[in-house]
Amino acid sequence: MSKITVWFIRMAMSYFIISAGMGVLMLTWPWWTRTYIPGHAHLNLLGWISMTIYGVAYHIIPRFSGRPLYSNRLAWLHFYLANTGLIGMVLFFGFVGHGNLRYEKHLLYSSIVEFTSIVIFVYNMMRTIKSAEG
């Protein structure tokens with residue numbers, strides 16, 4: 001497997017453990033639920049599920065297309081932006097949930113970073129697939 005695949009899978013497993021731990025803590029202290037459920041949900045969906053999908057896609061799509069990945073550099077940029085955006089979102093969801101509304105802009109910026117990473121991923125995959133057409 002490529003390094004990018006391995007690192008996405010490693011991060012997915014890490015986020016899975018953290019989000020499961022958050023779930024246990026929210027069951028233990030139910031008053032945390034209102035504050036931490038957005039971060040918990042994003043760790044599950046963008047951390048565990050999406051990072052797993054990214055890792056698998058970086059492994060499988062080039063093989064299915066019969067061509068190398070369009071850009072390894074874009075894949076690493078995607079990796080760093082996706083992780084930075086997710087960590088920022090989880091942290092700032094917690095701050096905002098505690099009533100620190102001054103962090104709403106930081107939450108928005110983290111969301112934009114995450115969205116940018118998704119666009120980079122889709123572009124890289126589409127270019128990889130397109131190279132197989134021609």
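Let me begin at the surface, where L25, W29 and W31 come together as a nonpolar patch whose accessible area adds up to about 330 Å². I should say at once that what we have on the screen is a predicted model, so please hear each of these values as computed from that prediction. Of the three patch residues, L25 belongs to helix 1, and because its relative accessible area is 31%, which falls between the limits of 20% and 50%, L25 is classed as partly exposed. As background, nonpolar side chains in soluble globular proteins tend to be buried together.

How far can we trust the prediction? The mean pLDDT of the protein chain is 92, with 95% of its residues at 70 or more. If we go through the chain by element, helix 1 has the highest confidence, at 96, while helix 4 has the lowest, at a mean of 92.

Turning to the overall build, the protein chain contains 4 helices and 0 strands, and so the pattern you read along the sequence is simply α-α-α-α. The C-alpha atoms occupy a box of roughly 55 × 30 × 20 Å along the principal axes. When we take the contacts with a separation of 6 or more, 78% of them are between residues 24 or more positions apart.

Now to the interior, and which residues have the most contacts inside the largest nonpolar core? They are F8, M51, Y58 and L86, in a core of 25 residues. Helix 1 (3-28), helix 2 (33-65), helix 3 (72-97) and helix 4 (104-133) each give two or more residues to this core, and helix 3 provides the largest share, with 9 residues. If you would like one residue to click on, I would suggest Y58, which, once its neighbours within four places in sequence are set aside, is in contact with I4, T5, F8, L69, A75, H78, F121, N124 and M125.

A second residue to look at is H40, which is placed in helix 2. Is H40 buried or exposed? Its relative accessibility is 17%, and because the cut-off for buried is under 20%, H40 counts as buried. Beyond its neighbours within four places in sequence, H40 is in contact with S19, M22, G23 and M26.

Let me finish with the totals for the whole chain, where buried residues make up 37% of the 134 residues. The accessible surface comes to about 8,000 Å², and carbon and sulfur atoms account for 72% of that area.

Definitions and conventions: Residues numbered from 1 in each chain as written. Predicted model: local features only at pLDDT ≥ 70, side-chain atom pairs only at ≥ 80, totals over all residues. Heavy atoms only, no water. Core = buried A, V, L, I, M, F, W, Y, C linked by side-chain atoms within 4.5 Å. Buried < 20%, exposed > 50% of the residue type's maximum accessible area, 1.4 Å probe, protein only. Contact = heavy atoms within 4.5 Å. pLDDT = per-residue confidence, 0-100. Patch = residues over 30% accessible without salt bridge, like charges linked within 9 Å, V, L, I, M, F, W, Y side chains within 5 Å. Areas by Shrake-Rupley, 256 points an atom, 1.4 Å probe, with all protein chains shown as cover. Salt bridge = Lys/Arg side-chain N within 4 Å of Asp/Glu carboxyl O.
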